[in-house]
Amino acid sequence: AGVFYPPAPMQKRAWLPRNPRRKKNLIASVLLGVLIAVEWGASYDVFRSQPLLSPISYWGDAQFAAALVSAAKRGDFVPFFPKALPSLGAPAIANWDDFPLNEDVLYYLVGVLARVVGTFGAINLAFLFACVAAGVSLFLVARSFRAGLPGAFLAGQLYALSGFMGS
């Protein structure tokens, strides 16, 4: 018969990955996210004259997005339920079910955040998070395709702050 060897004891995993490439990617992702957040704040003048709790834009869909977030904040807008808002459309009720909206859950989550920080603060934080997530995601995808660290970092930074994210 064979010799029985007991299994080796499980070792505790550190919070940083053991693979040096993954460790570099994690550290670079955090640095990229912080850099994007600082650049975003500087580009929208959040640090000086434009406080985070005031609207960044009044153009395009900004007013509609603010109305959706405000309705979610009040509890009138809930995902997967009819969107009939008694607070709008006086003397009747406003009905937002006449067009499809595929971002119900996102607007609802921003509305929940708005209960804590206010409507415009929640919209601005969600926009900041979207820019950071886009940049870090592009960085990680580029790194998974074996792109160099500086090129992937620059690509993530440029994509996060491109006009596409702000329009």
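Which residues does Thr-119 touch, not counting residues up to four places away in sequence? The reply is under point 1, and the other points follow from there.

1. Thr-119 and its surroundings. Thr-119 touches Ala-66, Val-69, Ser-70, Lys-73 and Ala-114, when residues up to four places away in sequence are not counted. Thr-119 itself belongs to helix H4, which runs over residues 119–144. The residue has a relative accessibility of 15%, so Thr-119 counts as buried, the cut-off being under 20%.

2. Status and confidence of the model. The structure is a predicted model. The mean pLDDT of the protein chain is 86, and 89% of the residues score at least 70. Among the elements, helix H5 (residues 149–160) has the highest mean pLDDT, at 96. The lowest mean, 62, belongs to helix H6 (residues 163–166). The placing of H6 should be read with that value in mind.

3. Overall make-up. The protein chain has six helices and two strands. Along the sequence their order is α-α-β-β-α-α-α-α. Of the 167 residues, 28% are buried. Among contacts with a separation of 6 or more, 61% are between residues 24 or more positions apart. The accessible surface is about 11300 Å², and carbon and sulfur atoms account for 68% of that area.

4. Helix H1, length. H1 covers residues 20–43. With 24 residues at 1.5 Å a residue, H1 should span 34 Å; the C-alpha atoms at its ends are 34 Å apart, so expectation and model agree.

5. Helix H1, buried side. The buried residues in H1 are Asn-25, Ala-28, Ser-29, Leu-32, Gly-33, Ile-36, Trp-40 and Gly-41. These buried residues pack against H4 and H5. An α-helix has 3.6 residues a turn, so residues three or four places apart point the same way. The list can be read against that spacing: Asn-25, Ala-28, Leu-32, Ile-36 and Trp-40 are among the buried residues of H1.

6. Nonpolar surface patch. Leu-26, Val-30, Val-34, Val-38 and Phe-47 make a nonpolar patch of about 460 Å² on the surface. Val-30, one of the patch residues, lies in H1. The helix that supplies Val-30 to the patch also has buried residues that pack against H4 and H5.

7. The end of H1 and Asp-45. Just after H1, Asp-45 adopts a positive phi of about 55°, although Asp-45 is not a glycine. The residue is in the loop between H1 and H2. Its relative accessibility is 22%, and Asp-45 therefore counts as partly exposed.

8. Ser-54 in the same loop. Ser-54 is also found in the loop between H1 and helix H2 (62–74). Is Ser-54 buried or exposed? Ser-54 counts as buried, because its relative accessibility is 18% and the limit is under 20%. Not counting residues up to four places away in sequence, Ser-54 touches Phe-120 and Asn-124. Ser-54 and Asn-124 are 70 residues apart along the chain, and their C-alpha atoms are separated by 8.3 Å.

9. Salt bridge between Asp-76 and Arg-74. Two salt bridges are found in the whole structure. In one of them, the side chains of Asp-76 and Arg-74 meet at 3.2 Å, N to O. Asp-76 is partly exposed, with a relative accessible area of 22%. Arg-74 also counts as partly exposed, at 43% relative accessibility.

10. Salt bridge between Asp-104 and Lys-83. Here the side chains of Asp-104 and Lys-83 meet at 3.1 Å, N to O. Asp-104 lies in helix H3 (residues 104–117) and Lys-83 in the loop between H2 and strand E1 (84–85), so the pair ties together parts that are 21 residues apart in sequence. Asp-104 and Lys-83 are both buried, whereas Asp-76 is partly exposed.

11. Phe-80. Phe-80 is another residue with a positive phi, of about 70°, although it is not a glycine. Phe-80 is placed in the loop between H2 and E1. At 71% relative accessibility, Phe-80 counts as exposed.

Key. Residues are numbered from 1 along each chain as its sequence is written. This is a predicted model: local features need pLDDT of at least 70, side-chain atom pairs count only at pLDDT 80 or more; totals for chains, interfaces and linings use all residues. Side-chain values use heavy atoms; hydrogens and water are left out. pLDDT is the predictor's confidence in each residue, from 0 to 100. Helices (H or I, at least four residues) and strands (E, at least two) are DSSP runs, numbered from the N terminus. Buried means under 20% relative accessible area, exposed over 50%, partly exposed in between (1.4 Å probe, protein chains only). Contact means heavy atoms within 4.5 Å. Accessible areas come from the Shrake-Rupley method with a 1.4 Å probe; for residues, only the protein chains shown count as cover. Patches are made of residues with over 30% relative accessible area and no salt bridge: like charges are joined within 9 Å, nonpolar side chains (Val, Leu, Ile, Met, Phe, Trp, Tyr) within 5 Å. A salt bridge is a side-chain nitrogen of Lys or Arg within 4 Å of a carboxyl oxygen of Asp or Glu. The expected span of a helix is 1.5 Å times one less than its number of residues.
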